[in-house]
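Biologist: I'm new to this one, so could you walk me through it? Let's put the structure up and go from there.

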Amino acid sequence: MSVTNIAGISMKGGRSDNFIFCLLEHFEDNDRWFLKSLLQVKDEDGLDGNDAIRTWIESYEITDLVIDFPLSSPECQECTLACPGISRCPQPSVVQVNKQIKEILKVDATTRHENPKRYEQERNVDDEVHFSRDILESDASDHILSRSYKRRLKKGYLPYWNRPIDLFIWNRYYDQLLHLFKSIYDSFGNTSLMMLSRFAYLRRHFPNSLKLHESNVNLSLIELLRAKVILKKDIINMSDLDLGPEARLDIIKKIESSQNVFIYDKDLETLVKNPRAFDSFILAISGQCYQLSSTRTLPDWAEPSKTRFLIPKF
């Protein structure tokens with residue numbers, strides 16, 4: 001019987017955080033997926049947290065591991081040039097991203113110049129609250145730009161903080177992230193120097209055969225919403241202290257049905273009660289989509305081979 005193991009682990013947090021390893025097992029003969037294990041660092045007696053993660057990968061012969069942690073570095077980190085400044089940076093990736101940002105802003109300025117009255121009317125309509133409006137009906141880079149996204153682009157691209165993948169995510173998801181999660185995406189927005197050092201250590205000890213992938217829980221939830229697997233209220237309620245567990249249960253049950261995943265009751269309880277376990281589960285589901293060749297295609301300028309960034313399609 002042919003079996004494939006894929007895992008997700010949320011790496012956000014500090015040194016003492018209780019990382020949770022979510023393992024999905026695929027039996028190809030009957031095409032069924034099982035949530036086989038939810039392993040917690042705190043439950044591993046006599047093992048350092050770093051050693052526990054490595055032991056799990058080796059013990060379960062993991063082929064693919066999905067994490068919510070940057071796998072590539074910003075351009076400045078590896079640059080050896082005498083820095084001419086951000087606006088005059090000659091690195092091809094930075095030049096390409098800045099060119100695209102200028103083009104987006106140029107189209108917006110042209111639209112406003114050609115018909116300023118209509119532009120402001122559409123702007124005012126766009127700013128109004130419409131509870132029936134589909135927040136997924138357009139990408140953030142579609143004109144006219146929202147005020148918040150326009151401000152983001154004018155702040156510029158920071159090659160010591162951002163990667164090209166950031167612009168791709170901003171263009172497609174900026175307004176949705178702000179609307180649903182009250183947050184945006186930056187490659188190193190929630191990544192401490194301590195965690196960067198810890199992951200660099202971990203990575204050196206992973207098996208050579210392990211394929212690492214990067215993903216983002218919020219983007220996966222937006223794609224679940226886009227595919228009508230979950231509802232907007234499911235995402236909104238996740239941030240509520242009282243409604244959060246119920247919202248996670250609703251989301252997990254819908255994923256279980258749509259993705260053909262079987263989850264044991266004891267694991268379901270952990271996923272519902274523990275937000276970190278839930279995040280690891282969503283990352284593992286992104287890995288499942290990768291295994292099924294159901295992920296968004298990234299443009300070459302976003303450096304998909306370096307970031308190995310997964311955005312699932314449901």
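Modeller: Sure, and keep in mind that this is a predicted model. Let's start on the outside, with a nonpolar surface patch of about 280 Å².

Biologist: Which residues make that nonpolar surface patch?

Modeller: Look for a nonpolar patch on the surface, with an area of about 280 Å². One of its members, I86, sits in the loop between α2 (75-78) and α3 (92-114). The full set is I86, Y160 and W161.

Biologist: Is I86 buried, exposed or partly exposed?

Modeller: Buried would need a value under 20%, and exposed one over 50%. The relative accessibility of I86 is 32%, so I86 counts as partly exposed.

Biologist: And I285, is that one buried or exposed?

Modeller: I285 belongs to helix α12. Its relative accessible area is 1%, and the cut-off for buried is under 20%, so I285 is buried.

Biologist: How far apart in space are I285 and Q259, C-alpha to C-alpha?

Modeller: In sequence, 26 residues separate I285 and Q259. Still, I285 touches Q259, along with L24, I255, V261 and F314, leaving out residues up to four places away in sequence. From C-alpha to C-alpha, the distance is 8.2 Å.

Biologist: Which residues have the most contacts inside the largest nonpolar core?

Modeller: That core has 49 residues, and the elements giving it two or more include β2 (20-27), β3 (32-40) and α12 (275-291). A second, separate core has 23 residues, M11 and F19 among them. Back in the largest core, the residues with the most contacts are I169, L221 and F281.

Key. Residues are numbered from 1 along each chain as its sequence is written. This is a predicted model: local features need pLDDT of at least 70, side-chain atom pairs count only at pLDDT 80 or more; totals for chains, interfaces and linings use all residues. Side-chain values use heavy atoms; hydrogens and water are left out. A nonpolar core is a set of buried Ala, Val, Leu, Ile, Met, Phe, Trp, Tyr and Cys residues joined through side-chain atoms within 4.5 Å. Buried means under 20% relative accessible area, exposed over 50%, partly exposed in between (1.4 Å probe, protein chains only). Helices (H or I, at least four residues) and strands (E, at least two) are DSSP runs, numbered from the N terminus. Contact means heavy atoms within 4.5 Å. Patches are made of residues with over 30% relative accessible area and no salt bridge: like charges are joined within 9 Å, nonpolar side chains (Val, Leu, Ile, Met, Phe, Trp, Tyr) within 5 Å. Accessible areas come from the Shrake-Rupley method with a 1.4 Å probe; for residues, only the protein chains shown count as cover. A salt bridge is a side-chain nitrogen of Lys or Arg within 4 Å of a carboxyl oxygen of Asp or Glu.
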